[in-house]
Each structure stands twice: as structure tokens, then as C-alpha cells.
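Thanks for sharing this one with me. My notes follow as numbered points, to be read alongside the model.

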Amino acid sequence: MSQEKVEKKKELKRNRKKIVKKEHRMAKLGAVIAVIAAVFVAGWLVYSIHNKVVAYQEDHPKTVKVDLSAISEFYGNMSSTENSGS
């Protein structure tokens, strides 16, 4: 081995703890950044879907028209038959 390689290996051996700590720190930082990015994307997706749903509901309101005249007529007929029967 050349003297340069020997010196390089000695330097790596001396600084191994620092190097390992730095690698772990960078890995944790990468994981944190990935989680933040995932939360941001999920939040944006939920916000976008919510806006589309609200816009659709505004364009298509849920209203139902019910004709209750038959029920009113039925109850009216019942009350008139009860009054005439007594």
C-alpha cells in the first residue's frame, strides 16, 4: 500500500465516530424532510378535494320538493268524519 492510502485509513479510523454521527444525523434529517413533505402533500390533497366537494355542493344543492296536499286532505277528511260521527 502506498503511504497516502495508509494515511487516509488512519484518518478515517480516527474520525470514525464523527463520520458515523454525521451519517446518522443526515439520515434523520432526510427522514424528517420526507415526513414533512408527505404531510404537506397529504394536506394539499385533502384541501383540494374539500374545495371540489364544496364547489359541487354549491352547484348541486340538495332540495326536495314534496307535495303534502294529499296528506293534508287525508287528515282533513279524517277530522270531518270524526266530527260527523259523534
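1. A definition to begin with: the radius of gyration is taken over C-alpha atoms, and the globule rule is 2.2 Å times the number of residues to the power 0.38. For 86 residues, a compact globule would come out near 12 Å, but this protein has 38 Å. The box that its C-alpha atoms fill, taken along the principal axes, is roughly 120 × 30 × 15 Å.

2. A word on what we are looking at. This is a predicted model, where local features need pLDDT of at least 70, side-chain atom pairs count only at pLDDT 80 or more, and totals for chains, interfaces and linings use all residues. Residues are numbered from 1 along each chain as its sequence is written, and side-chain values use heavy atoms, with hydrogens and water left out.

3. On confidence, pLDDT is the predictor's confidence in each residue, from 0 to 100. The protein averages 89, and 93% of the residues score at least 70. Helix α2 (residues 16-59) has the highest mean, at 96, while helix α3 (residues 69-85) has the lowest, at 78.

4. What does the secondary structure come to? There are three helices and zero strands, in the pattern α-α-α along the sequence. Both kinds of element are DSSP runs, numbered from the N terminus: helices are H or I with at least four residues, strands are E with at least two.

5. Do check the helix lengths with me. The expected span is 1.5 Å times one less than the number of residues. For the 44 residues of α2 that should give 64 Å, and the end C-alpha atoms are indeed 64 Å apart. Helix α1 (residues 3-14) has 12 residues and should span 16 Å; its end C-alpha atoms lie 17 Å apart, which agrees.

6. How much of the chain is buried? Here buried means under 20% relative accessible area, exposed over 50%, and partly exposed in between (1.4 Å probe, protein chains only). Buried residues make up 0% of the 86. Helix α2 is hardly covered, with zero buried among its 44 residues. In α1 the number buried is zero of 12, so this helix lies largely in the open.

7. Three residues of α2 make useful stops. Lys-21 is in this helix and is exposed, with a relative accessible area of 60%; from its C-alpha atom to that of His-60, 39 residues along the chain, the separation is 58 Å. Met-26, also in α2, counts as exposed at 51%, and its C-alpha lies 71 Å from that of Leu-68, 42 residues apart in sequence. Ala-37 belongs to α2 as well; this residue is partly exposed, with 39%, and its C-alpha atom is separated by 37 Å from that of Lys-62, 25 residues apart along the chain.

8. Last, surface and charge. The accessible surface comes to about 8,700 Å², of which 64% belongs to carbon and sulfur atoms; areas come from the Shrake-Rupley method with a 1.4 Å probe. There are 16 positive and 9 negative side chains, and the centres of the two sets lie 31 Å apart. Lys and Arg count as positive, Asp and Glu as negative, with His and the chain ends not counted; each charge is placed at NZ of Lys, CZ of Arg, CG of Asp or CD of Glu.
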